[in-house]
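Welcome! Let us take a walk through this structure together, one feature at a time.

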Amino acid sequence: LDIVLAEVDALDRELKAAQAKMQALKDSADEMKRKMDAANKLLSGLSGENTRWTEDSKNFALRRKRLVGDVACVAAFVGYCGPFNSEF
């Protein structure tokens, strides 16, 4: 009977160790799932930023093309208004 009780105690210790290991693995899996969810949220947010940056890049290219004309218009206006003082 003592041999059987000793064997039961050994099996009980093995069971507790296995349950502790299982709980540690579950906790680790839950933590990884939280990290994965946070990473997916970050990637979703960054994909929206990619769209915005692409649109801004196109707008910047268009503004760069218009810059020469805008500068010419301003220079013409300043050249026209330059000889006039505040009395006119």
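Helix H1 has a kink of about 40 degrees, and Arg-66 sits at its centre. You are looking at a predicted model, so the kink, like everything below, is a feature computed from that prediction.

Now follow the helix from end to end. H1 covers residues 2–81. How far apart should the ends of H1 be, at 1.5 Å a residue? Its 80 residues should span 118 Å, and the end C-alpha atoms are 112 Å apart, which agrees. Beyond this helix there is little else to name: the protein has one helix and zero strands.

The overall dimensions give the same scene in another way. Along the principal axes, the C-alpha atoms fill a box of roughly 120 × 25 × 10 Å. The radius of gyration is 37 Å, whereas a compact globule of 88 residues would have one near 12 Å. A pair of residues offers a feel for the spacing: Val-8 and Met-36 are 28 residues apart along the chain, and their C-alpha atoms are separated by 41 Å. Val-8 itself lies in helix H1 and, with a relative accessibility of 44%, counts as partly exposed.

What share of the 88 residues counts as buried? The share is 0%. Buried would require a relative accessible area under 20%. The accessible surface of the protein adds up to about 8400 Å², and carbon and sulfur atoms account for 63% of it.

Some of that surface is nonpolar. Leu-42, Leu-43 and Leu-46 make up a nonpolar surface patch, and together they have about 320 Å² of accessible area. Leu-46, one of these residues, belongs to helix H1. Its relative accessible area is 48%, so Leu-46 is classed as partly exposed.

Let us turn to the charged side chains. Side chains of opposite charge can pair when their charged atoms come close. How many salt bridges does a search of the whole structure find? The search finds five, and we can visit some of them in turn.

Begin with Asp-12 and Lys-16, which form a salt bridge whose closest N and O atoms are 3.9 Å apart. Why are these two separated by about one helical turn? The reason is that Asp-12 and Lys-16 are four residues apart in helix H1. Asp-12 is partly exposed at 33% relative accessible area, while Lys-16 counts as exposed at 53%.

Further along, Glu-31 and Lys-35 form another salt bridge, with 3.6 Å between the closest N and O atoms. These residues are also four apart in helix H1, so about one helical turn separates them. Both partners are partly exposed: Lys-35 has a relative accessibility of 48%, and Glu-31 has a relative accessible area of 36%.

A further salt bridge brings together the side chains of Glu-49 and Arg-52, at 2.8 Å from N to O. Here the partners are three residues apart in helix H1, and again about one helical turn lies between them. Glu-49 is partly exposed, with 33% relative accessible area, and Arg-52 counts as partly exposed at 40%. The pair does not stand alone, for salt bridges with shared partners join Glu-49, Arg-52 and Asp-56 into one network.

Terms used:
Residues numbered from 1 in each chain as written. Predicted model: local features only at pLDDT ≥ 70, side-chain atom pairs only at ≥ 80, totals over all residues. Heavy atoms only, no water. Patch = residues over 30% accessible without salt bridge, like charges linked within 9 Å, V, L, I, M, F, W, Y side chains within 5 Å. Areas by Shrake-Rupley, 256 points an atom, 1.4 Å probe, with all protein chains shown as cover. Salt bridge = Lys/Arg side-chain N within 4 Å of Asp/Glu carboxyl O. Buried < 20%, exposed > 50% of the residue type's maximum accessible area, 1.4 Å probe, protein only. Expected span 1.5 Å × (residues − 1). Bend = angle between axes of the 7 residues up to and from the residue. Rg over C-alpha atoms; globule rule 2.2 N^0.38 Å.
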